[in-house]
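The following exercises introduce a structure through worked solutions. Please examine the sequence and the model before attempting them.

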Amino acid sequence: MGQMITREPTPIEHKLVILLALDQLGPTTALQLLRYMVENELMDYIALQLAIAELDDTGLVRKLPHTLGTLYAPSAQGYETLKAFQGRIAPSRLEHIRSTAAAWAQRFRTEKQVLADWRQAPTGEYIVRLQLMEQELMLLDMSVTVATREQAGAFCTRWPEQAPEVYAQMMRALGGADDAP
């Protein structure tokens, strides 16, 4: 059996694929978009960077401020362009994006709402910042001092899974409410 030959997408198709991905994923950071594109073998880093820069220069994407940095989303003109030229995206790529985007979008939403990072204090301890957001509303923003880098890393790793329970426990303990969200 012969090898399947696939054609390389054109720069125009790369731009359309990005617009479609942003449409399906919702606003994403550059890193999230890169992970989606590379892990799904839709394009490589260089192609993404070139295409997103052109989309930005031509006003087809808009940049939105966020705690994680800048989020990218299609502009009104970007949506119109996608609607007019979506037929130029290879059907297999179109179907792949539509079939995978929902799971990735959920993952990205969680990443944008449950944030954790750490830094070393001048005194040598580590300060871990843990945040929990619901849409644009900051529900919880706290800093915890820990002794080691390993502890700081463990806090950051465990926070996404534990954040809802920690928040609920705090609401019950401090707010006196039995029915905390």
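**Exercise 1.** Is tyrosine 36 buried or exposed, and what is its relative accessible area?

*Solution.* The model is a predicted one, in which local features need pLDDT of at least 70 and side-chain atom pairs count only at pLDDT 80 or more, while totals for chains, interfaces and linings use all residues. Residues are numbered from 1 along each chain as its sequence is written, and side-chain values use heavy atoms, with hydrogens and water left out.

Step 1. The relevant cut-offs are these: buried means under 20% relative accessible area, exposed means over 50%, and partly exposed lies in between (1.4 Å probe, protein chains only).

Step 2. Tyrosine 36 has a relative accessible area of 0%, so this residue is buried.

**Exercise 2.** Determine which ring pairs with that of tyrosine 36, and in what geometry.

*Solution.* Step 1. Rings of Phe, Tyr and Trp (its six-membered ring) pair if their centres lie within 6.5 Å; planes under 30 degrees apart count as stacked, over 60 as edge-to-face and the rest as tilted. Under this rule there are three aromatic pairs.

Step 2. In one of them, tyrosine 36 meets tryptophan 104 edge-to-face, with 5.3 Å from centre to centre and 80° between the planes.

Step 3. Helices (H or I, at least four residues) and strands (E, at least two) are DSSP runs, numbered from the N terminus. Because tyrosine 36 belongs to helix 2 (residues 30–39) and tryptophan 104 to helix 5 (residues 91–113), the pair ties together parts that are 68 residues apart in sequence.

Step 4. Tryptophan 104 has a relative accessible area of 11% and is therefore buried. Tyr36, Trp104 and Phe108 form one aromatic cluster.

Step 5. A charge also sits over the ring of tryptophan 104: the charged end of arginine 107 is 4.3 Å from the ring centre. (The criterion is NZ of Lys or CZ of Arg within 6 Å of the ring centre and within 35 degrees of the ring normal.)

**Exercise 3.** Describe the pair formed by tryptophan 118 and tyrosine 126, and state how accessible each residue is.

*Solution.* Step 1. Tryptophan 118 and tyrosine 126 are edge-to-face, 5.5 Å centre to centre, with 70° between the planes.

Step 2. At a relative accessible area of 34%, tryptophan 118 is partly exposed, whereas tyrosine 126, at 10%, is buried.

**Exercise 4.** Which residues of helix 4 are buried, and which are exposed on the other side?

*Solution.* Step 1. In helix 4 (residues 76–85), the buried residues are Gly78, Thr81 and Leu82. They cover an arc of only 100° around the axis, which puts them on the same side of helix 4. This arc is that of the directions from the helix axis to the C-beta atoms.

Step 2. Ala76, Glu80, Lys83 and Ala84 are exposed on the other side of helix 4.

Step 3. Helix 1 (11–25) is included in what covers the buried residues of helix 4; contact here means heavy atoms within 4.5 Å.

**Exercise 5.** In what order do strands 1, 2 and 3 form a sheet?

*Solution.* Step 1. Two strands pair if DSSP finds at least two bridges between them.

Step 2. Strand 1 (residues 28–29) pairs with strand 3 (residues 69–74) in the antiparallel sense over two bridges. Strand 2 (residues 61–66) and strand 3 are joined by six bridges, again antiparallel; lysine 63 has tyrosine 72 as its bridge partner in strand 3.

Step 3. The three strands form an open sheet in the order 1-3-2. Strand 1 and strand 2 are the edge strands, each pairing on one side only.

**Exercise 6.** Which strands stand at the edges of the sheet with the order 4-5-6?

*Solution.* Step 1. This open sheet has three strands with antiparallel pairing. Strand 4 (114–120) and strand 6 (137–146) stand at the edges with a single partner strand each, so one side of each is left without a neighbour in the sheet.

Step 2. Nine bridges join strand 5 (residues 126–134) to strand 6, and arginine 129 has serine 143 as its bridge partner in strand 6.

Step 3. Strand 4 and strand 5 pair over seven bridges. They form a hairpin with five residues between them, and glycine 124 in the turn has a positive phi of about 105°.
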